[in-house]
Amino acid sequence: MMEMGITPGSACQGCGAALASRLAFKALGPNAIRLLIPCCPDTTTNHPMSIGVFEGGGAHLSGLARGLKAQGRSDVIAVGLFGDGGTYDIGFQGLSAAAERNENILVLTKDNEAYMNTGAQRSGGTPKYAITSTNFVGPKSRGKAMHKKKIPQIFAAHGVPYVATASIAFPEDLIAKVNYAKSITGFRMVIMQSPCPVGWRYDPAKSIEVARAGVQSGVWPLYEILNGEDFKLNYKPKELKPVTEYLKSQGRFRHMTEEEIGDIQSYTTSRWRQLEKADELKKLIM
Ligand SMILES: Cc1ncc(C[n+]2csc(CCOP(=O)(O)OP(=O)(O)O)c2C)c(N)n1
């Protein structure tokens, strides 16, 4: 059945990004004009759509927003649906410039942690140790060598009104964040972790379980940063689950030794302590 704003797309089975964008666009409603840059063609919508290039994403979306302003259409939102490649790497410069100018745009990032559309090459959003089609396991490589870029903090450092993380396993939280973003003006970004069964190597039936384990272990914390400094942690369990369940659920981490899992555990725990502290102070700690 056709939903408002959503038309059948062409996604792989269990595509987390398709669910993320479906939830986000459903919350957004029909009053939006959408920019699409190269990424997986997971969900299409019946919004007016402009198609652009990766590196022009920030400028293109700014132009759409300014065009709407010139027409007095404050009721319509200029929204971009970008992958992690389009946000963390290839599109970063233009998006950073748009954030610095505080353009009146909403950026929805579906973060599947690699360039999935072209065969799962690593991106700045790929986590440490993950196997990608450009990070192998062999005598000289243990998967990706470095951690994910802290992209929410990087965009928050531009002093923009709203940056939030979200997960397909917490749909109410994701929808509330898009609703909030919709209600304010200026540069807004919601980064949605979107598991990819093909690139992450797991059974497509398990996308929600994988996403949930990510949040419950603190690997993908849910938080909001307002005006570049006010911080709020949205999911605060009494105790985090160990990262093992999350890592073991995916083939891209299956080669990891106990020591390497310990490395991710200590990185995750110390980051989590920092986020808890920030939540207590209600102030972002970089
Ligand atoms: C400048 C430029 N470099 C490379 C490409 C080829 N390309 C098209 S889609 C894509 C991958 C997109 O990855 P991501 O943004 O993470 O989105 P996903 O496919 O994972 O949804 C690449 C590298 C391109 N179109 N333009």
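How many disulfides does the count come to? With a disulfide taken as a pair of cysteine sulfur atoms within 2.5 Å, the count comes to zero. Cys12 takes part in no disulfide, its nearest cysteine sulfur being that of Cys15, 6.4 Å away. Cys40 is likewise in no disulfide, and the nearest cysteine sulfur to it, from Cys196, is 6.4 Å away.

A few words on the model help here. The structure is a predicted model, in which local features need pLDDT of at least 70 and side-chain atom pairs count only at pLDDT 80 or more, while totals for chains, interfaces and linings use all residues. Residues are numbered from 1 along each chain as its sequence is written, and side-chain values use heavy atoms, with hydrogens and water left out.

Cys40 also leads to the ligand. Around the ligand stand 17 residues, of which the closest are Cys40, Gly85, Asn112, Met116 and Asn117; a residue belongs to this shell if one of its heavy atoms lies within 4 Å of the molecule. Backbone N or O atoms approach oxygen atoms of the ligand at 2.9 Å from Cys40, at 2.9 Å from Gly85 and at 2.8 Å from Asn117. Of the 590 Å² of accessible area that the ligand has on its own, the protein covers 75% (Shrake-Rupley method, 1.4 Å probe).

The shell comprises eight nonpolar, six polar and three charged residues, with Cys counted as nonpolar and Gly as polar. Helix 3 (residues 84-89) provides its largest share, three residues; helices are DSSP runs of H or I with at least four residues, numbered from the N terminus.

How values were computed
Polar contact = N/O pair within 3.5 Å; in protein donor to acceptor, adjacent residues only side chain to side chain. Helix = DSSP H or I, 4+ residues; strand = E, 2+ residues; numbered from the N terminus.
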